[in-house]
Amino acid sequence: MDINNSKAVKAVVYQKGAFLTRHVKAELHKGSNTVCIESLSDSIVAETIQIAMSRGLSCSQVVYDPVFKKDKKPNQETAVSKEDKELIRRKVGLQHQMAAARTSFEMLPGKELFRDKKDWESKSLNDFLDFLDFLEKKRVELLNRITDCEEEIREIDSQIKKRSEKENPSSAGMTGVIRMEVEAAEEGEFSFEILYYDREARWEPFYDIQIHGLSEPADIMLKGRIIQNTGEIWENIDLTLSTGNLQQSNNQPELIPWVLRPAVFPAVPPMQAAHARPLYMEAPQAMEETTVLDEATMLLEPNVTEKSGAARNHRKENSYKKNQTSVEYDVAGTVRIESGGKGDIVQILSVEHEAEYVYYVTPKAECSAFLMARIKKRKDYHLIEADANIFLENRYVGATHIGKEDETDEYRISLGRDRDIYVERRKLKQQQSQNLMGNLIRKDFSYQMRVRNRKTERVRVLVKDQIPITTDEKIHVDVVNQSNAYLDEKTGMLSWERDMSGDEEWVINLSFRVSWPKNYSFSM
């Protein structure tokens with residue numbers, strides 16, 4: 001029995017891939033039945049297929065064929081054009097290049113093997129530092145090569161798929177078939193649901209941040225761009241977006257014995273390929289190391305009736321749920337997601353946050369003032385990592401990035417430069433002197449910073465600078481003048497923060513002294 005009218009009713013979309021639930025109706029006779037569900041995606045992972053059936057039905061076998069064709073004779077090979085052969089040849093070549101780059105990357109020795117040696121002669125140490133720089137550049141070069149190969153392979157796969165759809169428009173990627181052997185206790189119409197993982201879908205989060213005024217809350221809207229190339233339009237589908245990544249290994253890491261040995265540093269360290277373990281693995285075709293069955297158990301209830309499949313209770317409002325390792329967002333109502341293209345955008349959540357706006361100034365790095373929103377974290381909602389578009393007073397002012405959560409109790413979001421806050425940092429005359437005994441050298445450093453508020457309204461300004469820190473007992477750093485700054489002695493970071501009225505100027509003086517023994521060399 002062939003079924004072509006099955007419908008996807010629910011999708012849980014992950015960073016890579018999606019779990020789809022399809023509703024199926026079938027007229028079955030008593031006894032054994034063969035049910036074929038046609039016009040499915042050709043990118044389903046067969047090992048993840050789960051069936052939820054009504055009472056009186058049992059399934060003894062499930063087989064998935066991604067390229068099923070009715071008119072194909074047994075053992076008949078599909079004709080491949082010269083263009084497709086060339087694309088496949090290029091793809092294989094890129095795969096070989098990528099494998100070679102990954103092997104070379106793993107064969108490079110790690111820096112941590114060489115960091116703690118202090119007894120080298122100056123010349124050999126300089127040579128070794130040059131070698132470490134070479135290692136770093138080589139790593140970056142190999143990683144860039146791997147990334148380029150992956151992008152080219154994705155482009156080739158897209159070209160092959162488009163050519164296939166052009167030659168056979170009726171298929172449009174929907175060539176997969178699920179064949180089931182079903183045993184029915186009696187004759188009649190039955191409903192059941194099929195759940196499976198499809199590789200050709202993903203979603204990307206991003207934010208729109210609306211700042212209506214520096215005395216008003218910040219409106220933060222989380223949106224999602226859903227991209228799916230299953231060949232099927234997801235029409236009126238229940239949509240859930242998850243930050244989880246099912247293609248990431250769930251095996252816990254194991255520690256190996258840490259053996260300390262005398263280190264030998266030849267001109268070029270030996271490359272021990274026999275002990276190399278690949279850092280990068282091909283995405284598992286069968287997903288052996290994923291936890292897809294945990295998702296499937298949600299639907300494996302014994303009573304699935306026609307009524308439960310046809311009349312579904314759609315969500316009235318968006319909601320989210322934070323799990324141990326991910327966050328899931330349920331999108332209200334039903335949505336339509338096209339196949340192909342740059343993706344469809346849905347709004348997930350819109351939250352109004354109380355915000356404090358501060359001008360962040362780091363004159364040593366750049367003489368500019370950056371407007372920053374400090375947003376208190378709320379226990380009932382948290383921000384995931386994503387890029388963000390910034391709108392200030394309904395005007396697009398640029399983009400920023402919201403990073404991962406840290407242990408602080410606030411989010412800090414940079415909103416861009418403001419030229420109305422003038423910043424200057426001058427280095428005053430530095431002095432170097434030697435004490436009376438002639439065995440100690442002192443060097444004085446002095447700086448002056450000026451911040452001017454050229455606005456008419458009052459603003460809050462945070463200024464950051466630093467003094468050097470050292471773990472060498474022979475080197476001493478003493479602060480001479482820090483202008484009442486807060487000093488973090490572990491990092492050497494200095495902070496000044498205050499309100500500035502319109503057209504006010506703020507002058508900050510900073511000076512410190514570094515002392516060390518005569519004829520003692522170190523980098524400053």
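In this predicted model, E356 has a relative accessibility of 33%, and therefore counts as partly exposed, since that class lies between the buried limit of under 20% and the exposed limit of over 50%. The partner of E356 is R374, with which E356 forms a salt bridge whose closest N and O atoms are 3.3 Å apart. Because R374 lies in strand β17 (residues 366–376) and E356 in strand β16, the pair ties together parts that are 18 residues apart in sequence. R374, at 11% relative accessibility, counts as buried, so the bridge joins a buried residue to a partly exposed one. These two residues also belong to a network of salt bridges, in which E356 and R374 are linked with R460, E497 and D499.

The structure as a whole holds 25 salt bridges, and two further pairs may be examined beside the one just described. In one of them, the side chains of R225 and E204 meet with an N to O distance of 3.8 Å; since R225 lies in strand β10 (residues 218–228) and E204 in strand β9 (residues 201–211), this pair ties together parts that are 21 residues apart in sequence. Both partners fall in the intermediate class of accessibility, for R225 counts as partly exposed at 27% and E204 counts as partly exposed at 30%. In the other pair, the side chains of R498 and E504 meet in a salt bridge with an N to O distance of 2.1 Å, and R498, at 28% relative accessibility, is again partly exposed.

Negative charge also appears at the surface outside such pairs, where E216, E352, E354 and E393 gather in a patch. Because membership of a patch requires over 30% relative accessible area and no salt bridge, these four glutamates are to be read as charges that no salt bridge engages in this model. Two of the members can be placed more closely. E354 is found in the loop between β15 (344–353) and β16 (355–362), and its relative accessibility of 59% makes E354 count as exposed. E393 sits in the loop between β18 (386–392) and β19 (395–402), where, at 53% relative accessibility, E393 too counts as exposed.

The backbone of E393 deserves attention as well, since its phi is near 55°, a positive value in a residue other than glycine. A positive phi is likewise found at N236, where the angle is near 50° and the residue is again not glycine. N236, however, lies within strand β11 (residues 234–242), and with a relative accessible area of 44% N236 is partly exposed.

Turning to helical structure, helix α1 (residues 82–107) has 26 residues, which at 1.5 Å a residue should span 38 Å, and the end C-alpha atoms are 38 Å apart, in agreement with that expectation. The buried residues of α1 are D84, L87, L94, M98, A101, R102 and F105. An α-helix has 3.6 residues a turn, so residues three or four places apart point the same way. The list of buried positions, which includes the charged residues D84 and R102, can be read along the helix with that periodicity in mind.

A last contact concerns the segment after β28 (505–517), which is the place of F522. With a relative accessible area of 29%, F522 is partly exposed. F522 and I475 are 47 residues apart in sequence, whereas their C-alpha atoms are 9.1 Å apart in space.

Technical notes:
Residues are numbered from 1 along each chain as its sequence is written. This is a predicted model: local features need pLDDT of at least 70, side-chain atom pairs count only at pLDDT 80 or more; totals for chains, interfaces and linings use all residues. Side-chain values use heavy atoms; hydrogens and water are left out. Patches are made of residues with over 30% relative accessible area and no salt bridge: like charges are joined within 9 Å, nonpolar side chains (Val, Leu, Ile, Met, Phe, Trp, Tyr) within 5 Å. Accessible areas come from the Shrake-Rupley method with a 1.4 Å probe; for residues, only the protein chains shown count as cover. The place of a charge is taken as NZ of Lys, CZ of Arg, CG of Asp or CD of Glu. Helices (H or I, at least four residues) and strands (E, at least two) are DSSP runs, numbered from the N terminus. Buried means under 20% relative accessible area, exposed over 50%, partly exposed in between (1.4 Å probe, protein chains only). The expected span of a helix is 1.5 Å times one less than its number of residues.
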